[in-house]
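Thanks for coming. Please have the sequence and the model open while I talk, and stop me if you lose the place.

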Amino acid sequence: MTRIVLAGAAPDVERTFSEATGGAHLTLPGPVDLRPADLLGRLGGAPAPDLLVVDARPDPEATLSLAQQFHGALPGIGLLLLTDRPEALSLPAMRAGVRDLIPAGAEPAEIRRLLDHAAAGVARLAPSATTPGTAPGRSGRVITVASPKGGVGKTTVATNIAVALARTLPHSTVIVDLDLQFGDVATALNLTPEYSVPDALQSAAAGDTIALKTYLTLHPTGLYVLAAPEHPAAADGITSEQVSGLIQALAAEFAFVVVDTSPGLSDHTLAALDRTTDPLLITALSVPGVRGMRKVVDALDQLQMFADGHHVVVNFADGDHGLTRADVEANLGMPVGTSLPTSKAAPASLNLGIPLMQSQMRDPLSRALAPLVDDLLPDGVSVPRGGRHLRARKGQR
């Protein structure tokens, strides 16, 4: 049965809709909320609709803005607009992701036809729209980027990996900024999010994944972003259990969850690592960095986490630092999975908010990261190189 919600409609429209649907719809009276999270919050615990019909006549521009937000955050909900100007609204509505327009004064039979047509379109897209890249009952891969020290390029690596995954498999990936006091994932992606991690925790705890997705910000590459709060004090009181539940909820909806963490092994980072399928441990080629990484590896071993091993990433690995890759491997007692060279373009890309994997700039760092991303992708899929998709090279993890 198709779940239909009618929002902000006048009484005469409500009567016509009741005749068209046989009363099988939910009405949200009054002015229409201009944010998806607020609008869905008025459902009172009812399931999210398959079709949402909004009366666009009072404020067409604001309704189109709402439609665009729904299309970005919740493409699995079919949106229809009721309008008395279908000709003028047709093109902007299509660009905003609106599925169809219902002319004001339409007869019940015509409304029923439009609703049936929209429902059929939503049903065709449902598998990819509701669970991007994941199969029913399966969780996505959680890639947590961690380091004992700051300044080792952790956010640069995390954002570039996330962008590369999202570009290769659109709408498959979400990045979470778990550096809750000083995270700058949003800055690295040139975004000004309206919501952050604390806003999303309540929906995650309630298991309301539809509402949870409304707190994500859509990046131009198709990457979804859950940013750190703007003020450090907003992170006070967030527990490791809440972090664990948030990551679990996101992994149920996305094929890839990339987590950027604060330096060290905080309770939040350990909670993320406990949900992680692919830990990426980053160090610079320095004695303090390698010694710190040794402590991290020992701590994870004591906690009996990642019995299958860790993927160690050494950044700035091409300079004369007095240490070699062999020194790192001997100290850690495990192989280095990826060595990343110093990139002259990386600082500028971070300042501009355009990751190298987004600009597709030919850069040593991009080339070194590509095989790592390939290793995360399904067999037969890889990061585009020169406009082509090459078969992934599956290396040792």
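I will go through some helix pairs, a few single residues, and two unusual backbone angles. Keep in mind that this is a predicted model.

Let me start with helix α16, which covers residues 364-376. Where does the helix bend? There is a kink of about 25° at Ala370, and the proline Pro371 follows shortly after that point. How much of α16 is covered? Of its 13 residues, 10 are buried, so the helix is mostly covered, where buried means under 20% relative accessible area. Among the buried ones are Leu365, Ala368, Leu369 and Ala370, and so are Asp374 and Asp375. If you are looking at the kink, then, you are looking at a buried residue, since Ala370 is on that list.

Now look at the start of the same helix. A side-chain oxygen of Asp363 comes to within 2.8 Å of the backbone nitrogen of Leu365. Leu365 will come up again in a moment, in a helix contact.

The partner in that contact is helix α6, residues 154-168. The axes of α6 and α16 are 10 Å apart, and the two helices pack at an angle of about 60°. Are they parallel, perpendicular or oblique? An angle of 65 to 115 degrees would count as roughly perpendicular, and about 60° falls outside that range, so α6 and α16 are oblique to each other. Their crossing is right-handed. On the α6 side the contact is made by Thr156, Val157, Asn160, Ile161, Ala164 and Leu165. On the α16 side it is made by Leu365, Leu369, Leu372, Val373 and Leu376. Those five residues of α16 also appear among its buried residues.

The second pair is α8, residues 197-205, and α10, residues 240-251. Here the axes are 9 Å apart and the angle is about 75°. That angle makes α8 and α10 roughly perpendicular to each other. Which residues make the contact? From α8 they are Val197, Ala200, Leu201 and Ala204. From α10 they are Gln242, Gly245, Leu246 and Ala249.

The third pair is α12 and α13. Their axes come within 9 Å and cross at roughly 30°. Angles under 35 degrees count as roughly parallel, so α12 and α13 are roughly parallel to each other. The crossing is right-handed. Val290, Met293 and Arg294 of α12 meet Val328, Asn331 and Leu332 of α13.

Next, the two backbone angles. In general, most residues other than glycine have a negative phi. Gln304 has a positive phi of about 55°, although it is not a glycine. Phe316 is also not a glycine, and its phi is positive and near 55°. Where do they sit? Gln304 is in the loop between α12 and β12, and Phe316 is in the loop between β12 and α13. Are they buried or exposed? Gln304 has a relative accessible area of 72%, so it is exposed. Phe316 has 29%, which makes it partly exposed.

Now three single residues, beginning with His219. It lies in the loop between β8 and β9. Its relative accessible area is 3%, so His219 is buried. A polar atom of the His219 side chain lies 3.4 Å from the backbone oxygen of Leu189. Setting aside neighbours within four places in sequence, His219 is in contact with Val163, Leu189, Leu191, Val225 and Gln358. Leu189 therefore turns up twice, once through its backbone oxygen and once in the contact list.

Val13 lies in helix α1, residues 11-21. At 9% relative accessibility, Val13 counts as buried. Not counting residues up to four places away in sequence, Val13 touches Arg57 and Leu82. For a sense of scale, take Ala249, which we met in α10. Val13 and Ala249 are 236 residues apart along the chain, and their C-alpha atoms are separated by 37 Å.

Last is Ser349, in helix α14, residues 346-352. Ser349 has a relative accessible area of 9% and is buried. Beyond its neighbours within four places in sequence, Ser349 is in contact with Ile354 and Leu356.

That is the end of my list. I will take questions now.

Note on methods
Residues numbered from 1 in each chain as written. Predicted model: local features only at pLDDT ≥ 70, side-chain atom pairs only at ≥ 80, totals over all residues. Heavy atoms only, no water. Bend = angle between axes of the 7 residues up to and from the residue. Helix = DSSP H or I, 4+ residues; strand = E, 2+ residues; numbered from the N terminus. Buried < 20%, exposed > 50% of the residue type's maximum accessible area, 1.4 Å probe, protein only. Polar contact = N/O pair within 3.5 Å; in protein donor to acceptor, adjacent residues only side chain to side chain. Axes fitted to C-alpha atoms, helices over the stretch in contact; angles between N-to-C directions. Parallel < 35°, antiparallel > 145°, perpendicular 65-115°, else oblique. Left-handed = near helix turned anticlockwise from the far one by under 90°. Contact = heavy atoms within 4.5 Å.
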